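User: Could you take a close look at one part for me, the sheet and what packs on it? I'd like one connected walk through it.

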Amino acid sequence: MEVKKSATLTGRCLRFKYDFSLWFCETDEEVALHISEILDQNGYVGFVEHQDQVAGRLMIKEVTNVIQQSKITIIILSQSSMGNGWCRRVSEWNLQHSIEKGSKVLPVYFNIKTEQIPPVFRHINGLHYDSKFFTKRLLESLKSRKKSTYKSANQMKDCLEQSK
């Protein structure tokens, strides 16, 4: 039996629609699609900005909903994204949600020097895209998030009943 993933259940039955959401500046699309491909091939379900956005929706509302429905947020930080107002705001919203709700934010540094990383991100362990261990560390960062959040078989049964 497949467990329905949804962020609409409440309390101890909270489940997420996405294993990850991936946020990036359009100039970093090649890197973003490579990361998305790695995660897709390893069974993760995600939301990829620019690829999965639906035309006609209010972007701010959609971003907020996706952030809330994601177990982990991956933000590509590059010279391009640091110079883009929209990318900076989306990063700030993700960080705010992380602080308020305890969700995980994973910065991926691409084509950016350490001194260019915004101070707010310097205290978060991120991944360097050009590292030879990037793929291994990326998958390890999501691995613990893939496990079920149910603490017991009874809790899972209760949650399945609620989702019907």
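**A close look at the sheet**

Analyst: Let's start with one pair: I74 has L106 in strand 4 as its bridge partner. Before going on, note that this is a predicted model, where local features need pLDDT of at least 70, side-chain atom pairs count only at pLDDT 80 or more, and totals for chains, interfaces and linings use all residues. Residues are numbered from 1 along each chain as its sequence is written, and side-chain values use heavy atoms, with hydrogens and water left out.

Strands (E, at least two residues) and helices (H or I, at least four) are DSSP runs, numbered from the N terminus. Two strands pair if DSSP finds at least two bridges between them.

Strand 3 (residues 70-77) runs parallel to strand 4 (residues 104-109), joined by six bridges. Further along, I76 sits opposite V108 of strand 4. V108 also stands opposite L127 in strand 5, and strands 4 and 5 pair in the parallel sense over two bridges.

Zooming out, these strands belong to an open sheet of five, ordered 2-1-3-4-5 with parallel pairing. Strand 2 (46-48) and strand 5 (127-128) are the edges, each pairing on one side only. Helix 1 (residues 29-41) packs on the sheet, touching strand 1 (18-23), strand 2, strand 3 and strand 4 (contact is heavy atoms within 4.5 Å). Its direction makes about 170° with that of strand 1; axes are lines fitted to C-alpha atoms, for helices over the stretch in contact, and angles run from 0 to 180 degrees between N-to-C directions. Helix 4 (residues 85-101) lies across strands 1, 3 and 4, at about 145° to strand 3.

As for strand 4, five of its six residues are buried (under 20% relative accessible area, 1.4 Å probe, protein chains only).

Terms used
Buried means under 20% relative accessible area, exposed over 50%, partly exposed in between (1.4 Å probe, protein chains only).
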